[in-house]
Amino acid sequence: MSIRKFAFSLFALTALALPAHAKEGGGHGEAAQHWSFKGMTGTYDRAALQRGFEVYRQVCASCHSLNLLSYRNLADLGYSEDQIKAIASEYAVMDGPNDEGEMFERPARPSDRFKAPFANKKAAMYANNGAYPPDMSLLAKARHGGADYIYGIMTGYADAPENMTLMQGQYWNAAMHGNIIAMSPPLSDGMVSYEDGTEGTLHQYAMDIATFLTWAAEPHMEARKRTGLKALIFLLVFSFIMYGVKKRVWQDAH
Ligand code: HEC
C-alpha cells in the first residue's frame, strides 16, 4: 500500500468514526437549534444549566417530577456544597418512622431525591384534568429530537386551525404528536427572572430548560465523549506505529 493510499484509508476511517453532522430536528417539523453539547467534543454550558434549573424549579416542578435526580447531583451544574444544602433545605420531605412510630417532615438534604409535586400518578392526573405530566428524568432521551423536541414543545403553541376543535384543557402545539397537548403553555416572556442578568425571553427559557433536561437525562455525556476521543486518538497513533512496523518487517523482502 502506498503512503497516499494509507493516508486516505486513515482519513476515511476517521471520517466514519466522527458522527455525521445530521440535521437533528424533532421529526415534527421543529427547527434544530444550536446546542453547545452536540458534536464529538460538545460540553454543557454551565450557566445555561443553572438557568434551566431555575426554570424547572420555578415553573415545571409544580407538575413534573424529576425522580432520578438527587439534590447533590446539582454539583455538576457548578453549585457549591453550601448552595446545594441551601437549595435542598427549601423542600420538606417525609421521613421516619421516628421512635414513636410516626412519620415526620424534615427539610431535604443533598442526598434526598428531588421532591415530586404529587404523591402518585393518580393525584397528578386528578390535578391535571386527567392528563399525566410525565416524569422528566429521561424525557430528553426518550423522545425523538431530544433537546429540539423540548424546545419545540415550549415554543410550538399556536391557535388551532379552523377545522380542528379542541376540548377544554387542550392546546394546539406544532411539536406535539398529533398537535394536541393537554398542558397549557407553561412559559412566556419575563416569567422567570434570571440571577445572572440574562434576558428572560421565551426563546431563552426554552433553550435553558432543554439544556437542563438533556443533562438530567444524560449527566455523564461529557465523560463518555472524552473516553471516545481518547480511544480515537489511540487508534490513530496505533495505526501509524503499525504502519511503521509493517514497512520494517517487509523492507528486505523486495
Ligand atoms: C400545570 C401543570 C404543568 C406545568 C407547570 C408544566 N407541565 Fe408539562 N405537561 C403537563 C401535562 C398534564 C402534560 C401531559 C400532556 C399530554 O399528555 O397531552 C405535560 C406534557 C409535557 C411535555 C410532553 C411530554 C411528552 O410526553 O412528550 C413536555 C416536553 C413538557 N410537559 C415539558 C414541560 C416543561 C419544560 C415545563 C416547565 C417549563 C412544564 N412542562 C410545565 C403539565 C404541566
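Where is the place of Ser62, in terms of the helices around it? In this predicted model, Ser62 has its place in the loop between α2 and α3. That loop is a good spot to start the tour, since His64, a ligand of the iron atom, belongs to the loop between α2 (46-58) and α3 (81-89).

**The iron site**

Let's go to the metal. The iron atom of the ligand is coordinated by His64 through NE2 and by Met183 through SD, at 2.0 Å. The pair brings together distant parts of the chain: Met183 lies in the loop between β4 (180-181) and α7 (202-217), and 119 residues separate His64 from Met183.

Why is the arrangement around the iron atom called octahedral? Six donor atoms surround the iron atom of the ligand, and because the angles they subtend run from 85 to 179°, the arrangement is octahedral. For six octahedral donors, the ideal angles at a metal are 90 or 180 degrees.

Are the two coordinating residues buried or exposed? His64 has a relative accessibility of 10%, so this residue counts as buried. Met183 has a relative accessible area of 21% and is therefore partly exposed; the buried class ends at 20%.

**Around the ligand**

The ligand sits in the largest pocket. There are 22 residues around the ligand, and those that come nearest are Cys60, Cys63, His64, Tyr149 and Met183. Some polar atoms also lie beside the ligand, as listed here.

| Residue | Part of the residue | Ligand atom | Distance |
|---|---|---|---|
| His64 | polar side-chain atom | nitrogen | 2.8 Å |
| Arg143 | side-chain N or O atom | oxygen | 2.7 Å |
| Ala182 | polar backbone atom | oxygen | 2.8 Å |

His64 thus appears twice in this account: its NE2 coordinates the iron atom, and a polar side-chain atom of His64 lies 2.8 Å from a nitrogen atom of the ligand. Ala182, in contrast to Arg143, is listed for a backbone atom, while Arg143 is listed for its side chain.

**Ser62 and Asp112**

Back to the opening residue. Ser62 has a relative accessibility of 48%, so it counts as partly exposed. Its C-alpha atom is 8.5 Å from that of Phe118, a residue 56 positions away along the chain.

Asp112 is found in another loop, the one between β2 (104-107) and α4 (121-127). With a relative accessible area of 15%, Asp112 is buried. Which side chain does the side chain of Asp112 contact? Its partner is the side chain of Arg106, in a polar contact of 2.9 Å.

**Backbone details**

A few backbone features are worth a look while you have the structure open. The peptide bond from Gly96 to Pro97 is cis, with omega near 0°, and Pro97 has its place in the loop between β1 (92-95) and β2.

Two asparagines have positive phi values. Asn129, in the loop between α4 and α5 (139-142), has a phi near 60° without being a glycine. Asn129 is exposed, as its relative accessible area is 72%. Asn179 is not a glycine either, and its phi is positive at about 65°. This second asparagine lies in the loop between β3 (171-172) and β4. With a relative accessible area of 25%, Asn179 is partly exposed.

Note on methods
Residues numbered from 1 in each chain as written. Predicted model: local features only at pLDDT ≥ 70, side-chain atom pairs only at ≥ 80, totals over all residues. Heavy atoms only, no water. Donors = N, O, S within 2.8 Å, 3.2 Å for Na, K, Ca; no water. Tetrahedral: all angles 85-135°; square planar, octahedral: opposite > 155°, others 65-115°. Helix = DSSP H or I, 4+ residues; strand = E, 2+ residues; numbered from the N terminus. Buried < 20%, exposed > 50% of the residue type's maximum accessible area, 1.4 Å probe, protein only. Near = heavy atom within 4 Å. Polar contact = N/O pair within 3.5 Å; in protein donor to acceptor, adjacent residues only side chain to side chain. 1 Å grid on protein atoms, 1.4 Å probe; cavity = no way out; pocket = protein on both sides within 12 Å on 5 of 7 lines; lining within 4 Å. Sits in = over half its atoms within 2 Å of the grid points.
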